[in-house]
2 protein chains.
Amino acid sequence: MAVGLHDFPLIPEIKGIRIGVAEAGIKKPNKKDVVIFELCEGASVAGVFTQNAFCAAPVRICQKHLGLSDGSRYLLINTGNANAGTGKSGLDTALKTCEVLAHETGVSVESILPFSTGVIGEPLPVAKIVAAIPKALENLSGDNWKSAGVGIMTTDTLPKGSVRTFEFEDRTFSIAGISKGAGMIRPNMATMLGYVCSDIAMDVEVLQAILKDVVNKSFNRITVDSDTSTNDSCIAVATGMAGNAKVTSVDEPLAQAFIAAFTEVMQELAHAIVRDGEGATKFVTVEVVGAAVEPDATKVAFEIAHSPLVKTALFASDPNWGRILAVVGRAGVDGLDVDRVQLHINGFEVARDGGRSPDYLEEHGKQAMAPEEIHVVLDMGMGSESDIVWTTDFSHEYVTINAEYRT
Amino acid sequence: MAVGLHDFPLIPEIKGIRIGVAEAGIKKPNKKDVVIFELCEGASVAGVFTQNAFCAAPVRICQKHLGLSDGSRYLLINTGNANAGTGKSGLDTALKTCEVLAHETGVSVESILPFSTGVIGEPLPVAKIVAAIPKALENLSGDNWKSAGVGIMTTDTLPKGSVRTFEFEDRTFSIAGISKGAGMIRPNMATMLGYVCSDIAMDVEVLQAILKDVVNKSFNRITVDSDTSTNDSCIAVATGMAGNAKVTSVDEPLAQAFIAAFTEVMQELAHAIVRDGEGATKFVTVEVVGAAVEPDATKVAFEIAHSPLVKTALFASDPNWGRILAVVGRAGVDGLDVDRVQLHINGFEVARDGGRSPDYLEEHGKQAMAPEEIHVVLDMGMGSESDIVWTTDFSHEYVTINAEYRT
């Protein structure tokens, strides 16, 4: 029951990128669960990964391989098994799949980036993945974006994609990406999983800097259930096939044009994860303004977004706004003066000066909470800093999905 | 569907304490919702209160009145309305009810301590409470403990009480208490609400010190849903009627004997809140050992207890232990070496050296997760500090209760 999630867009070929998809039968039969991205030689590849100390084996290998100068040529992705909490043997199995793909394609092992998502703590079924690799290589194509979007799904109900083009000095550039994720979503430095490719030519250091910055305005500002995944990974690829003079600084006008379009793609992919959040019936924007310092705004926004009481009230479309104030009060903000706090929901003033607004009527609250899209604006009355977080409500379906996840 | 919650115990009269109960019809008809404790002159009264900055009006008044030297004579408690998020008029309404009770009983306003619990953000129905005060005073009695336990319930399914007696130098001392709470439970300095009375004679400073210390081992170590209430209050009363020489130091042998029995009462009351947690089907003890410093153990224990993914797995009796490791990894513990982490559930070794135990079988996990009482022991492998937190699972019933709370 995704909230306002559009159909997968028509994504044209991004020059320098080919995608292959196969069914390995890792967790379920008849499910696309292995995806391979082939990147042209010389592509710039940037990545950000989970900050969870229990990060998965493939995350560790990605970080190591990305740091080498060799250049990445293939992304190897499987769903159905996260290869996390698998200790040292997890590293061996992840590396084994890289070795097989390297052998089949004639590249070095270090130019393969592996990604896994699914159940934590069970051994990776290496043989199944190895058997699927040639099948995925057979159907490599520039037109496989939607198929790849489907191939990386776990509890997602729909594949998630986004595409933008922009013009710069008579040249057209394209950016396309896919993402997945619906539960264990509280990304910290990246989400599980996002892949965004462009035909722009860009230095890898610039691409990495842009990725890190934009992730903080997109994937790192969404939360479904406060649990940071062990496998979060977000990869940006610039193939250079658009033919521009290579971007070497974020200050170049072309870099700025790229950032604008890239941010749109990244936010759309991040929002898509929230819209398809496990059991989601609402898409909620939590905007905190009037903070003394930005970290206060970020903290309060996430605390509101994580509160089970706020989330169940959202599910019920119940304007139980007192729960939001209670969260603000317990968030531990230094110097908070509750008598200056204001609250708006979908444009209705609900609370003023720390209490119910004089003009507030219960019917306003009900009207404000009725839509699928809820915009909460909390003014702390302390300064001019702000932040935005996107989240979902908490429904019966969330409990059902997560109680029955492994069955 | 309370988990292993025993019937309300037979609580004998605590000399110096009388309790009156009435129906004010604050939120629902035919529900006891006003409770008055009468304390004998000279009783020592200690209190700890919520740290939520949006603390309720009655909490502010309690803190002010407790700080005065006059001595507390009455506790005035209502359910159905929290008088929180009500701004300045909330203070006026709370004070008004104190004034009426003071007038009726001939004591000073400052010797009344008011407490409210219920919906946040709605004006306190003063007239209803004022009308109920004489009725409650009419039935003041030493035998009304169970009736008081019922009178302070909100979403609780059962009243919660605890009683202990202990002997010291041929004298018998009694400690009795009641508590309430089922949701918005993540006490910080106290819970919403607890009242514990003893006939011991004890200096108020000593009683306050003991209360603060024991709260940190009982109410401040439980969590249902991570949301700290605006109204948390825990009050300890020592009437002095047992006739002992007044305790003036925590180092006295009698103080130590009192602390032992008092801790049992406080933990039983705190556990009762968890056992009756909204929608609870499990009573879960999360014990973190092997931490380098105690705050790390506390933090990790609460993070595990708050994780929606862990809680829904507990609800399903699903040994999805990878979710527990994922929480440990994201908890932000400095210097965590995941390869040293061990996990036991109800005595079964599940994870060793950061991965699945070599001997682990899925059937062990299922067996471990089946009972209503779950004991998780997470060894961080970093040192010798530890802490314990008690919590519940996350069920459909929790969502139902909180989505329909105000209807």
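This is a short selection-by-selection tour of a predicted model with chains A and B.

**Stop 1: colour by confidence**

Start with chain A and colour it by pLDDT. The chain averages 91, and 98% of its residues score at least 70. Now pick out the two extremes: helix H3 (residues 126-138) of chain A has the highest mean, 98, while strand S9 (residues 222-223) of chain A sits at the bottom with a mean of 85. Keep in mind that where pLDDT is low, the predicted coordinates should not be read in detail.

**Stop 2: find the axis**

Next, show both chains as C-alpha traces. Turn chain A by 180°, with 0.0 Å of shift along the axis, and chain A lands on chain B with an RMSD of 0.0 Å. The two copies are thus related as by a two-fold rotation axis. Want a landmark for that axis? Select A:His396: in chain A, its C-alpha is the one nearest the axis, at 2.7 Å.

**Stop 3: the interface**

Select the residues of each chain that are in contact with the other. You should get 55 residues from chain A and 55 from chain B. Every one of the interface residues of chain A (100%) is also an interface residue in chain B, so the copies meet through the same surface. Together the chains bury about 4,500 Å², and carbon and sulfur atoms account for 58% of that.

How many salt bridges are found across the interface of chain A and chain B? There are two. For one, select A:Asp339 and B:Lys88, whose closest N and O atoms are 3.6 Å apart. For the other, take B:Asp339 and A:Lys88, where the closest N and O atoms are also 3.6 Å apart. This pair runs from the loop between H9 and strand S12 (342-345) of chain B, where B:Asp339 sits, to helix H2 (residues 87-105) of chain A, which holds A:Lys88. Switch on a surface here: B:Asp339 is partly exposed at 27% relative accessibility, and A:Lys88 is exposed at 60%.

**Stop 4: salt bridges inside the chains**

Over all chains, the whole structure has 22 salt bridges. Go to A:Glu264 and A:Arg164 for one of them, with the closest N and O atoms 2.6 Å apart. A:Glu264 belongs to helix H6 (residues 253-275) of chain A and A:Arg164 to strand S6 (residues 160-168) of chain A, so the bridge ties together parts that are 100 residues apart in sequence. Both ends are partly exposed: A:Glu264 has a relative accessibility of 42%, and A:Arg164 has 23%.

Hop over to chain B and select B:Glu264 with B:Arg164; here too the closest N and O atoms are 2.6 Å apart. This pair links helix H6 (residues 253-275) to strand S6 (residues 160-168) of chain B, 100 residues apart. B:Glu264 is partly exposed at 43%, as is B:Arg164 at 25%. Before moving on, select A:Asp156, A:Lys160 and A:Asp276, which salt bridges with shared partners join into one network.

**Stop 5: helix H7 of chain B**

Last, isolate residues 294-306 of chain B, helix H7. At 1.5 Å a residue, its 13 residues should span 18 Å, and the end C-alpha atoms are 18 Å apart, so the two agree. Its buried residues include B:Asp296, B:Val300, B:Phe302 and B:Ile304. To see what covers the buried residues of H7(B), bring back its surroundings in chain B, including strand S11 (283-291), helix H8 (308-315), helix H9 (322-330) and strand S16 (385-392).

Terms used: Residues are numbered from 1 along each chain as its sequence is written. Chains are lettered from A and ligands numbered from 1 in the order in which they are written. This is a predicted model: local features need pLDDT of at least 70, side-chain atom pairs count only at pLDDT 80 or more; totals for chains, interfaces and linings use all residues. Side-chain values use heavy atoms; hydrogens and water are left out. pLDDT is the predictor's confidence in each residue, from 0 to 100. Helices (H or I, at least four residues) and strands (E, at least two) are DSSP runs, numbered from the N terminus. Copies are superposed by least squares on the C-alpha atoms of residues with pLDDT of at least 70 in both. Contact means heavy atoms within 4.5 Å. The expected span of a helix is 1.5 Å times one less than its number of residues. Buried means under 20% relative accessible area, exposed over 50%, partly exposed in between (1.4 Å probe, protein chains only). Buried area is the accessible area (1.4 Å probe) that two parts lose on being put together, summed over both. A salt bridge is a side-chain nitrogen of Lys or Arg within 4 Å of a carboxyl oxygen of Asp or Glu.
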